[in-house]
Amino acid sequence: MKKYLFLQFKRVFRYFPYVLGLSILLFFATVAALAGLLSANEQKLEHRKVHVGVTGNIDDPLLQLGLNALKTFDDSKFSIELLPYEENEAKDALTKGEISAYIVMPEDFVNKALYGQVERIRFVTTTETTDIITLFKNMRHSMLLQCFD
């Protein structure tokens with residue numbers, strides 16, 4: 001019985017190098033295909049983070065609370081990064097392409113809004129910047145779909 005088992009193992013192990021080589025080849029082909037798909041998916045426009053500058057009285061605690069809430073709770077935290085700037089620095093960063101847009105918050109915006117005087121917020125971007133506008137369109141569309149669910 002031992003001799004028969006030994007002969008069967010010998011017969012099976014004769015094909016082992018071929019099976020091992022093919023398995024390794026298939027493994028590396030699968031890893032390469034997956035890496036290619038992931039890198040192509042990361043470079044898409046809708047998967048990149050958009051940098052937006054915020055100017056105005058950033059030291060206002062209520063404004064900081066609102067910005068932190070937006071960063072923490074909203075779904076846009078994965079696609080928009082809000083960065084504090086002075087208005088001159090924001091203009092320079094926009095022309096250099098470091099940010100996609102910047103928001104100019106009026107002085108005492110939050111305090112006036114609490115009393116019902118909502119002032120306009122200026123949103124400044126360039127004509128070359130299409131990623132931020134596309135992002136806002138997609139966010140608006142997804143918010144509308146969520147409202148009707």
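Me: In this predicted model, how does Glu81 count in terms of exposure, given its relative accessibility?
Reply: Glu81 has its place in strand β2. Its relative accessibility is 28%. Buried means under 20% and exposed means over 50%, so at 28% Glu81 counts as partly exposed.

Me: Which residues are in contact with Glu81, leaving aside its neighbours within four places in sequence?
Reply: Sequence separation does not keep Glu81 and Val52 apart in space: they are 29 residues apart in sequence, with 6.0 Å from C-alpha to C-alpha. The strands concerned, β1 and β2, run parallel and are joined by 5 bridges. Beyond its neighbours within four places, Glu81 is in contact with Lys49, Val50, His51 and Val52.

Me: Which residue in β2 stands opposite Val50?
Reply: The bridges between β1 and β2 number 5, and the two strands run parallel. Opposite Val50, the residue in β2 is Ile80.

Me: What is the order of the strands in the open sheet?
Reply: The protein chain has 6 helices and 4 strands. Along the chain from the N terminus, the elements run α-α-β-α-β-α-β-α-β-α. The open sheet has 4 strands with mixed pairing, and the twist averages 25° from one strand to the next. The order is β2-β1-β3-β4.

Me: Which strands stand at the edges of the sheet?
Reply: The sheet order is β2-β1-β3-β4. A strand at an edge has a single partner strand, so one side of it is left without a neighbour in the sheet. The strands in this position are β2 (80–84) and β4 (122–125).

Me: In which sense do β3 and β4 pair, parallel or antiparallel?
Reply: The sheet has mixed pairing. β1 and β3 pair in the parallel sense over 4 bridges, with Val52 having Ala101 as its bridge partner in β3. On the β4 side, Tyr102 has Val124 as its bridge partner, and Val104 has Arg122. Strand β3 (residues 101–104) and β4 are joined over 4 bridges, and the sense of their pairing is antiparallel.

Me: Which residues of β3 point the other way from Ala101 and Ile103?
Reply: In a regular strand the side chains alternate between the two faces of the sheet. In β3, Ala101 and Ile103 point one way, and the residues on both sides are buried. Those pointing the other way are Tyr102 and Val104.

Me: How many of the 6 residues of β1 are buried?
Reply: Strand β1 is largely enclosed by the rest of the structure. Thr55 is found in this strand and is buried, with a relative accessible area of 1%. Not counting residues up to four places away in sequence, Thr55 touches Tyr85, Glu86, Glu87, Ala90, Tyr102, Ile103, Val104 and Met105. In β1, the number of buried residues is 5.

Me: Which element gives the most to the largest nonpolar core?
Reply: In soluble globular proteins, nonpolar side chains tend to be buried together. The largest nonpolar core here has 12 residues, among them Val50, Leu63, Ile80 and Phe109. At least two residues of this core come from each of β1, α3 (61–73), β2 and α5 (109–114). With 3 residues, the element that gives the most is β1.

Me: How many residues does the second, separate core have?
Reply: This second core is separate and includes Ala90, Ala93, Ile99 and Tyr102. Helix α4 (residues 87–96) lies across β1 (50–55), β3 and β4, running at about 160° to β3. The number of residues in the second core is 7.

Me: What percentage of the 149 residues in the protein chain is buried?
Reply: The protein chain exposes about 11,900 Å², and carbon and sulfur atoms supply 63% of it. Among contacts between residues at least 6 apart in sequence, 62% join residues at least 24 apart. The share of buried residues is 21%.

Me: Which element of the protein chain has the lowest mean pLDDT?
Reply: The protein chain averages a pLDDT of 78, and 74% of the residues score at least 70. Helix α2 (residues 16–42) has the highest mean among the elements, at 89. Over residues 143–149 the pLDDT is below 50, and this stretch has 1 contact in the model beyond near neighbours in sequence. The lowest mean, 53, belongs to helix α6 (residues 131–147).

Definitions and conventions. Residues numbered from 1 in each chain as written. Predicted model: local features only at pLDDT ≥ 70, side-chain atom pairs only at ≥ 80, totals over all residues. Heavy atoms only, no water. Buried < 20%, exposed > 50% of the residue type's maximum accessible area, 1.4 Å probe, protein only. Contact = heavy atoms within 4.5 Å. Areas by Shrake-Rupley, 256 points an atom, 1.4 Å probe, with all protein chains shown as cover. pLDDT = per-residue confidence, 0-100. Pairing = 2+ DSSP bridges. Axes fitted to C-alpha atoms, helices over the stretch in contact; angles between N-to-C directions. Core = buried A, V, L, I, M, F, W, Y, C linked by side-chain atoms within 4.5 Å.
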